[in-house]
Amino acid sequence: MSAASVRTFSSLTLSAGLLAGLLIDTAQAQPPRLDVPYVPTPEPVVAHMLELAEIGPDDYVIDLGSGDGRIAISAVQDHGARAAYGIDLDPERVSAARENAEREGVADRVTFEQGDLFEKDISQADVLTMYLLSTVNMRLRPVIFDTLKPGTRVVSHAFNLGDWEPDRSDVINGNAVFLWIVPAKVAGQWTIEADGQRYQVELDQHFQKVVGSVDGQYGGLSGQLRGNELSFTLNDRLYVGQVNGRSIEAVPGKGAVQDWVARRS
C-alpha cells in the first residue's frame with residue numbers, strides 16, 4: 001500500500017469515525033419518546049388521592065410518571081409518609097422535581113429517577129400513585145396485581161384499570177380519582193372447618209371478588225377481598241378471615257362466625 005493510499009484510508013477512517021460519533025451524539029441528544037403527555041395533577045386532586053390512600057408514617061410511596069414531583073413531595077411533607085420515590089421518562093421533569101424537593105426541604109426523604117416505569121421494580125410500594133393513560137394503566141395492571149403485596153393501596157387520577165373495579169372512586173372538581181386495595185391470592189381449593197363441619201371449597205377469584213363451589217355445588221359461596229381480609233357468606237352466615245399464606249383464620253367480631261379456619265387443600 002502506498003503512502004498516499006495510507007493517508008487516504010486514514011482520512012476515510014477518521015471521517016467515518018467522526019460521522020459515527022456525530023450520529024451517536026445526535027441520538028443521545030434526542031429527548032425520549034413520551035407515552036404520556038405532561039399534565040400536572042391539580043393540587044386538590046393530589047390531596048384527595050393521598051387522603052384516600054390513608055398514608056401512615058411507615059408507608060413508602062411510589063409515584064409513576066412523577067412530573068414535577070408534587071405527589072411524592074406532598075406524600076412526605078403533608079401526609080407523613082416515611083419516604084417517597086418518583087420515576088419519569090422526561091429528564092427535564094426529573095430535574096425540576098429534584099429542585100422542588102430541595103426547595104421544600106424533603107430531598108432527604110424523596111428521590112426522583114429518570115427512566116422507564118415498566119423497568120422499575122415497584123414491589124416495595126405501600127402506596128402506588130399514578131396519572132397516566134388508560135393504555136398504560138392496562139399494561140401496568142398485571143404488574144400491580146401480581147407483584148404488589150396484598151393491602152397495597154393504588155390510587156389513580158382520571159384513568160381506571162378496566163374491569164378491575166375500584167374499591168372506591170370519587171370526583172374532585174370534575175376529576176375522577178380511583179382507589180384499589182391489592183387483594184391476596186386465594187383462587188384454588190380450600191378446606192373450611194367450622195362448627196364441627198368440614199367443607200371442600202373451590203374458589204374462583206376476579207381481583208377482589210370471590211365466588212366458589214362448596215362440596216361440588218357451584219355458587220355456594222360469594223365474597224370480597226380487601227387486602228388480606230376475606231369476607232364471604234356460606235349457608236347464609238357471614239365469615240370474615242385473615243389470609244395468611246396457605247391458611248385463613250377467623251377475625252373476631254364483626255358479627256361473623258367466630259370459630260373457623262380454612263386451609264389450602
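## Two hairpins in a row

Let's start with the hairpin of β8 and β9 in this predicted model, where D195 takes a positive phi near 50°. Two residues sit between the strands of that hairpin. A second hairpin, made by β9 and β10, also has two residues between its strands, and here F207 is the residue with a positive phi, near 55°.

The pairing behind these turns is easy to follow. Strand β8 covers residues 188–194 and strand β9 covers residues 197–206; the two run antiparallel and are joined by seven bridges. Within that pairing, Q189 has E202 of β9 as its bridge partner. On the other side of the second turn, β9 pairs with strand β10 (residues 209–214), again in the antiparallel sense, through six bridges. There, L203 stands opposite G212 in β10.

## R141 and its surroundings

F207 turns up again in the surroundings of an arginine. R141 is part of helix α5, which spans residues 134–147. Although it carries a charged side chain, R141 counts as buried because its relative accessibility is 17%, below the 20% cut-off. Beyond its neighbours within four places in sequence, R141 is in contact with L161, G162, D163 and W164, as well as with F207 from the β9–β10 hairpin.

## Salt bridges

Across the whole structure, a search finds 14 salt bridges. A good one to look at joins the side chains of R70 and E43, at 3.8 Å from N to O. R70 lies in helix α3 (residues 70–77) and E43 in helix α2 (residues 43–52), so this pair ties together parts that are 27 residues apart in sequence. Both ends are partly exposed: R70 has a relative accessible area of 23%, and E43 is at 47%.

R70 has another partner as well, since its side chain also meets that of D68 in a salt bridge, at 2.8 Å from N to O. D68 is buried, with a relative accessible area of 15%. Through these shared partners, E43, D68 and R70 form one network. Elsewhere, D170 and R168 meet through their side chains in a salt bridge of 3.1 Å, N to O; R168 is partly exposed, at 43% relative accessibility.

## Nonpolar cores

In soluble globular proteins, nonpolar side chains tend to be buried together. Here the largest nonpolar core holds 26 residues, and the members that touch the most others are I55, V61, V110, F112 and V177. Helices α2, α3 and α4 (91–104) each give two or more residues to this core, as do strands β3 (110–114) and β7 (175–181). The two helices tied by the R70–E43 salt bridge, α3 and α2, are thus among the contributors.

V177 is worth a closer look. Leaving aside its neighbours within four places in sequence, V177 is in contact with V45, H48, M49 and L52, with V155 and S156, and with R168, S169, D170 and I172. That list includes R168 and D170, the two partners in the 3.1 Å salt bridge. Apart from the largest core lies another one, of 24 residues, and its members include L132, F145, F178 and F207. F207 therefore links several parts of this report: it takes a positive phi in the β9–β10 hairpin, contacts the buried R141, and belongs to this second core.

Methods:
Residues numbered from 1 in each chain as written. Predicted model: local features only at pLDDT ≥ 70, side-chain atom pairs only at ≥ 80, totals over all residues. Heavy atoms only, no water. Pairing = 2+ DSSP bridges. Buried < 20%, exposed > 50% of the residue type's maximum accessible area, 1.4 Å probe, protein only. Contact = heavy atoms within 4.5 Å. Salt bridge = Lys/Arg side-chain N within 4 Å of Asp/Glu carboxyl O. Core = buried A, V, L, I, M, F, W, Y, C linked by side-chain atoms within 4.5 Å.
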